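Thanks for coming. I will go through one protein model today, starting with the chain as a whole and then moving to single residues.

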Amino acid sequence: MANRTDCEIIIWSPQAITILKPIFYISILATFTHLFFWIQFIIYPSVRQRSMQWLYAYLVTDLLLIIRFFLSYIYRWWSFCIPHLLRIVICYCEAIFDNYLNLLQSYILLALNICRYLQIVHNHNVYSINTRLIIIAHLLIYLFPLIGHLTLIRRGWSTLQSPSDDVCDLLPTSLLVQLLFLLFSYFIPVILAIIFLSLSLNYIHNTDGIQSREIVDARLKYHRQLVIQSCVFYSLWLLLWSPHLLVFPFCYKNSSIGIVAQILNYISITVDPVVIAALDVRFFHVWKSSSHHFDRQIRRKNLYVFQLLFYQVHPMKLLNKILA
């Protein structure tokens, strides 16, 4: 390694490569699932709804996590001598944005559950009535976690782990900071999200006995679908994503516990677009429309091939058809 005032050669150690291989393969699969999802988003206007903006924001953070992993993975394969100052800047960015994006997802899902609660229980369409409030909520969610991370670094409440042959990580310096970080990154958004989700479930349960078929039944059917979607998606998130949020204030990312949490994390990233699309009826209609379109194209092509073969065998019939 070169002098610290000069530059450093950054390259993966054999152990780090072995540890990260499962995540690398999972990330490749995640790239395809997200690519397929966003192609549908671009092609079909019916799935571009304001009411799905929090889910799309969540999936964008998934996509950014995949990009962050590949950039981090690739640049350590080049045996370049990187200036020490640039190396420290890259290392801080790598460590901050992994934790930052994971923290964003907790609050994005909280915002989703609050909006759905208002939509279901109070019949209040916040996406069209309170547009400015939604924009402010987006800005606060994206800015506060970043400011929080920068404050931790500036105050010396977190230390940078920067091995030249492994991933960079930020770890809180004391148990108090670890617990506060866990409180604001996990317990507060998760508990509040569960409360709003429970209130929505309770409302659906209490209105099941209403017999107004023309108005209430149609609305309840839609609201029940929203609640089921939220319950399934949030349950998977808690199962696959929670270990990472619970572990990363206490453990180095590529420790034995940290790597298991990361694998679950990237499995969640892989299945997120599949779960969201499978639980939303709009995507079901898109898939149905696409399958019908491809079916028609295949039938048309098969008919064309059949006619071509038929007229090759019976050229006189083709001539008679043209003359007729």
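**The chain as a whole**

The protein chain exposes about 18000 Å², and carbon and sulfur atoms supply 71% of that area. Accessible areas here come from the Shrake-Rupley method with a 1.4 Å probe, and for residues only the protein chains shown count as cover.

Before going on, some ground rules. This is a predicted model, in which local features need pLDDT of at least 70 and side-chain atom pairs count only at pLDDT 80 or more, while totals for chains, interfaces and linings use all residues. Residues are numbered from 1 along each chain as its sequence is written, and side-chain values use heavy atoms, with hydrogens and water left out.

The protein chain has 11 helices and 4 strands. Those are DSSP runs numbered from the N terminus: helices are H or I with at least four residues, strands are E with at least two. Of the 324 residues, 42% count as buried. Buried means under 20% relative accessible area, exposed means over 50%, and partly exposed is in between, again with a 1.4 Å probe and protein chains only.

How much of the contact count comes from residues 24 or more positions apart? Among contacts with a separation of 6 or more, they account for 79%. A contact means heavy atoms within 4.5 Å.

**Helix H3 and its partners**

Please find helix H3, residues 84–121. Asn102 lies there, and Asn102 counts as buried because its relative accessibility is 0%. Which side chains make polar contacts with the side chain of Asn102? One is Trp241, at 2.9 Å, and another is His244, at 3.4 Å. A polar contact is a pair of N or O atoms within 3.5 Å; within protein, one must be able to donate a hydrogen and the other to accept it, and residues adjacent in sequence count only if both atoms are side-chain atoms. Leaving out residues up to four places away in sequence, Asn102 touches Leu65, Trp241, His244, Leu245 and Asn265.

Asn99 is also in helix H3. With a relative accessible area of 2%, Asn99 is buried. By the same counting rule, the residues that Asn99 touches are His149, Asp169, Leu170, Phe248 and Lys253. The C-alpha atoms of Asn99 and Leu65 are 9.8 Å apart, with their positions 34 residues apart along the chain.

Next to Asn99 on the list is Asp98. The structure holds 1 salt bridge, and it is formed by the side chains of Asp98 and Arg68, at 3.7 Å from N to O. This pair links distant parts of the chain, Asp98 in helix H3 and Arg68 in helix H2 (residues 53–75), 30 residues apart. A salt bridge is a side-chain nitrogen of Lys or Arg within 4 Å of a carboxyl oxygen of Asp or Glu. Are these two residues buried or exposed? Asp98 and Arg68 are both buried.

**Helices H1 and H2**

Ile66 is found in helix H2 and is buried, at 3% relative accessibility. Apart from neighbours within four places in sequence, Ile66 is in contact with Ser27, Ala30, Thr31, His34 and Ile269. From Ile66 to Thr270 is 204 residues in sequence and 9.6 Å in space, C-alpha to C-alpha.

Ser27 lies in helix H1, residues 14–43. Its relative accessible area is 0%, so Ser27 is buried. Besides Ile66, the contacts of Ser27 include Phe69, Phe70 and Tyr266.

**Two strands**

In a regular strand the side chains alternate between the two faces of the sheet. Strand S3, residues 158–161, follows this: Ser158 and Leu160 point to one face and are buried, whereas Thr159 and Gln161 point to the other and are not. S3 runs antiparallel to strand S4 (residues 169–172), and 4 bridges join them. Two strands pair if DSSP finds at least two bridges between them. Leu160 has Leu170 as its bridge partner in S4, and Ser158 stands opposite Pro172. S4 is covered on both faces, with Asp169 and Leu171 buried on one side and Leu170 and Pro172 buried on the other.

**The surface**

Last, a nonpolar patch of about 850 Å² of accessible area, whose members include Leu176, Phe184, Ile195 and Leu246. Helix H6 (residues 175–206) gives the largest share, 9 residues. Leu246 lies in helix H8, residues 242–247, and is partly exposed at 31% relative accessible area. Patch residues have over 30% relative accessible area and no salt bridge; like charges are joined within 9 Å, nonpolar side chains (Val, Leu, Ile, Met, Phe, Trp, Tyr) within 5 Å.
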